[in-house]
Amino acid sequence: MTELQTTTRPRRPRPKAVSLTEAAADRVRDIMAKPRKDGADKPYVALRVGVKNGGCAGQEYTFAYAETIEPMDEVVEDKGVTILIDPKAILFLIGSEIDYETTKLASKFVFRNPNQTDACGCGESVTIIPAKALEAD
């Protein structure tokens, strides 16, 4: 019998699950540079982005400070900032661009999400379908 030889080749880089605009990256840097409100000495490592059920359209985007990177978090480094994606939200957020907009009435993060199918009138909640797995040819 002959031995099977395997060759390892470098893997191509995976595309980022989400991307940030310069405005969003600047805002994340500003948020992360501020001291913690609870007075703790340990800095936050990133912002965690997720999706939760709620609102009149069914789902809402969430942001939370992260003290640690959890084993199943998707780590996205873009434009010098780190965003963590909650593992339960990854299929809802794949391909999204996160922007930060300031208008006369509000300043907020805005998601341009190809998986979003609907939004409520006030823009606080959305309907999102999970990204489909790539089909084999």
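1. In this predicted model, L20 has I98 as its bridge partner in β6. The strands concerned, β1 and β6, run parallel to each other and are linked by three bridges.

2. On the antiparallel side, β6, which spans residues 96-102, pairs with β7 over six bridges. Two positions illustrate this register: D99 has V110 of β7 as its bridge partner, and E101 lies opposite K108, also in β7. The connection from β6 to β7 is a hairpin through four residues.

3. Taken together, these pairings give an open sheet of three strands, ordered β1-β6-β7, with mixed pairing. The edge positions are held by β1 (18-20) and β7 (107-112); each has a single partner strand, so one side of each has no neighbour in the sheet. With direction ignored, neighbouring strands are turned against each other by 25 degrees on average.

4. Helix α1, residues 22-33, packs on this sheet and touches β1, β6 and β7. The direction of α1 makes about 70 degrees with that of β6.

5. A point for inspection concerns the faces of the sheet. Side chains in a regular strand alternate between the two faces of the sheet. The reader may wish to view β6 with this in mind, taking I98, the partner of L20, together with D99, the partner of V110 in β7.

6. Which strands does helix α1 touch where it packs on the sheet? The contacts of α1 involve β1, β6 and β7, and of these strands β1 and β7 are the ones that stand at the edges.

Notes
Residues numbered from 1 in each chain as written. Predicted model: local features only at pLDDT ≥ 70, side-chain atom pairs only at ≥ 80, totals over all residues. Heavy atoms only, no water. Pairing = 2+ DSSP bridges. Axes fitted to C-alpha atoms, helices over the stretch in contact; angles between N-to-C directions. Contact = heavy atoms within 4.5 Å.
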